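This report goes through selected local features of one protein model. It covers a side-chain contact, a surface patch, a hairpin and some backbone angles.

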Amino acid sequence: MSPLTESAAPPVGTRLAVLWVPDWPVAAAIAEGLVGAHEPVAVHDGRQIVVAGASARAAGVRRGMRRRTAQGLCPDLVLIHTDEGRDVRAFEHLVQAAEDVVAQVQVMRPGLMLTTADGPARYLGSEERVAADLIEQVATATGAEAQVGVADGLLAAVLAARDGVLVPRGGARAYLAGRDVRELMVVATTQQLRRELTDLIDLLRRLGIAALGDMAALRPAQVGPRFGALGTAVHRLAQGLDEYPVPAHRTEPDITAHAELDPPVQRVDVAAFAGRRLAEEVNNRMLRRGVVCTRLRVLARTEDGLELERTWRIDGALTATELTDRVRWQLEGWLSGRSGEVPSAPLVHLELAAEEVHPAAAMGEGLWGRNTRGQEHAGRAALRVQGMLGAEQVLAPVLEGGRTPRGRVRLVAWGDETSPRRRPDAPWPGQIPPPLPATVPTEKIQVELADAADRPVRVGPRGLLGADPARVEIPAPPSWSGRWAVSGWAGPWPVRERWWAGGRGRTYLQVVCTEGPALLLCAEGEEWWVEGIYD
C-alpha cells in the first residue's frame, strides 16, 4: 500500500500508570491513630456513610447508609467524621514513597496518584515491573495496600487501577466500552466538575446513552454542539484518549506567584497564611485572564536549600476555597511531620504555579435550554468579589428538606457543593404548610402578640393558643414595624425536632395584619418572633 493510501493508526491517549489505595479516608484515620487497624470503621459526612472499611462492609455497612442504620448493623462500628485535610496529610507519605520508584508523580486526590508510564517502563524494563515496584515500595514504607493500573488515557488508567490490571496499548476503548457512563465520576477532582458530570451523566442516560461505548461511538460533530466542551472531553475519555488534545504549542503561559518568608517559617499556621495569599493571587489572575489549569504545583524551599515540591492534577475550575485548601493541606503535610520527612530547616521561600493553562471553554447550549449571558456574567462577578473579600463573603442558597422555612435553606460559599444534605422531596411530617414566606430574617425579630384585652397570647401545654390573637406589635427598625391589628390567623403548628437530644419545641402561627404585613410567627417559651414575611 502506498503512503498516500495507507490508513493512519488510530489515536491513543497518553500511557498512564495510576496508583489507588482503596478506602483511603479509613486508611488515613488509621494512620493518624484515630482508630485501630482491626476495628470496624466508617467515615461519614454528618449525613451518611462516605467510606466503610473492610470489616464494616463485612457486617453489611455500605456507602450512602444513614449512620443509625449502619450502627444497627454493626454495633461496634467506629464513626469518624470526614476530613480532607487529614486525608491529604497522611497521603503525602505515600507519595514520597512512590517517588523513590518513579518521578513526576501527580496527585489527583488523596488516595489516587498518577505518572506517565513509558519512561519508568523503559528504565525498569516493563510496565509489570513498574506496577510491582510501586506496590512493594508503598507497602514497605507505609504498610498501605495499593493497586496499580496502566492504560491509555486518564479514565481507562483510573479504572484499571481500581481493577488492578494492565490494559494493553491501544485496548483502552474496548476495555471501557461496556462500562456504565456513571463511572466517569472517578476522574472528577473538583466540586464544579462533579456537579457538571452529574448533570451530563443524567442527561446521557435519559437519552439512552448508558454505556461508555455508546458515547465513544458518537461522531465528534454530534457531541460538541449538543453537549458542549464537557461533552467533548467525555467523548475523548470514552475512546481512551486524553480529555484535551495535546496542543502543538503552548497557547497560555503558566501563572506563578511566590513569596519570600522573612523571618523563616516553621509553624504550620504561619506558612498556611502565606500560602493562602499566594492561592488567592493565582486564582484572581486566572479569573482575570479567563483561564483554567490542569496542574497545580506547590514548591517550598528551606533555609538550607532543600526543596519540597508537589504537583496536583486539576480537572475543572477550582474555586478560591478549593485552591486555598489544597495549598494549606500540602503545607500541613510537609510541616506537621506526619508525611514521613520533616523539613530540615525553616521555610524561606514559597511558590505556587498554575501549569498547563488553557482558556476556560465556553459552555455550549444544552438540549433543554441554556444559561443566559446574564447568569454567566453574574457568576464571574461573584467569583471576582470572592477573590477580593474572601470565599465566605459571597453566599448562595441551597434548598433542603425540613419542617420550617429557616431549616429549609442553607447558605454556602459561592462555588461550593450545592447538593442538599436533606432531601427536599422526602416526607416531613409536621412541616409548615404552604405557602412559605418569601423572606426569612437572618436575625430574630422579637414581637408582642396580644389578645383583644391586650393580654399576651401564650401557647398552652397541648400546643393550643390561650386566646385569639388580636394585635401584633413589631419594634423598629424594619420598615414594616408598628402596631398592627390582626385580621386573620391560621395555626398553631407545634413542631418539636430532635427531642431525643433535648431539643425544645416551637409553635408556628400565620397572622395577617390589617393594612400591614402577613407574617409567620414562632413561639418558644413565652417569646414570639418573626420567622418569615409573606409578599
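A polar contact is a pair of N or O atoms within 3.5 Å, and within protein one of them must be able to donate a hydrogen and the other to accept it. The model discussed here is predicted.

**Arg297 and its surroundings**

The side chains of Arg297 and Glu355 are joined by a polar contact of 2.7 Å. Arg297 belongs to strand S9, which covers residues 291-302. With a relative accessibility of 14%, Arg297 counts as buried, because the cut-off for that class is under 20%. Apart from neighbours within four places in sequence, Arg297 is in contact with Glu309, Arg310 and Thr311, and also with Glu351, Leu352, Ala353 and Glu355. Glu355 therefore appears both as a polar partner of the Arg297 side chain and in the list of contacts of Arg297.

**Nonpolar surface patch**

Leu395, Leu399, Val409 and Leu411 make a nonpolar surface patch of about 380 Å². Two elements, strand S12 (395-399) and strand S13 (409-413), each give two or more residues to the patch. Leu411 lies in S13 and is exposed, with a relative accessible area of 54%.

**Hairpin of S2 and S3**

Strand S2 (residues 41-44) and strand S3 (residues 49-52) run antiparallel and are joined by three bridges. One pairing is that of His44 with Ile49 in S3. The two strands form a hairpin with four residues between them, and Gly46 in the turn has a positive phi of about 100°.

**Backbone exceptions**

Most residues other than glycine have a negative phi, and most peptide bonds are trans. Which residues other than glycine have a positive phi here? Gln104 is one of them, with phi of about 55°, and Asp454 is another, with phi near 65°. Their locations and accessibilities are set out below.

| Residue | Phi | Loop between | Relative accessibility |
|---|---|---|---|
| Gln104 | about 55° | helix H4 (84-98) and strand S5 (106-109) | 67%, exposed |
| Asp454 | near 65° | strand S14 (446-450) and strand S15 (471-474) | 43%, partly exposed |

Gln104 falls in the exposed class at 67%, because that class begins over 50%. Asp454, at 43%, counts as partly exposed.

The peptide bond from Asp262 to Pro263 is cis, with omega near 5°. Pro263 is placed in strand S8, residues 255-265.

Conventions
Residues numbered from 1 in each chain as written. Predicted model: local features only at pLDDT ≥ 70, side-chain atom pairs only at ≥ 80, totals over all residues. Heavy atoms only, no water. Patch = residues over 30% accessible without salt bridge, like charges linked within 9 Å, V, L, I, M, F, W, Y side chains within 5 Å. Areas by Shrake-Rupley, 256 points an atom, 1.4 Å probe, with all protein chains shown as cover. Salt bridge = Lys/Arg side-chain N within 4 Å of Asp/Glu carboxyl O. Buried < 20%, exposed > 50% of the residue type's maximum accessible area, 1.4 Å probe, protein only. Contact = heavy atoms within 4.5 Å. Pairing = 2+ DSSP bridges.
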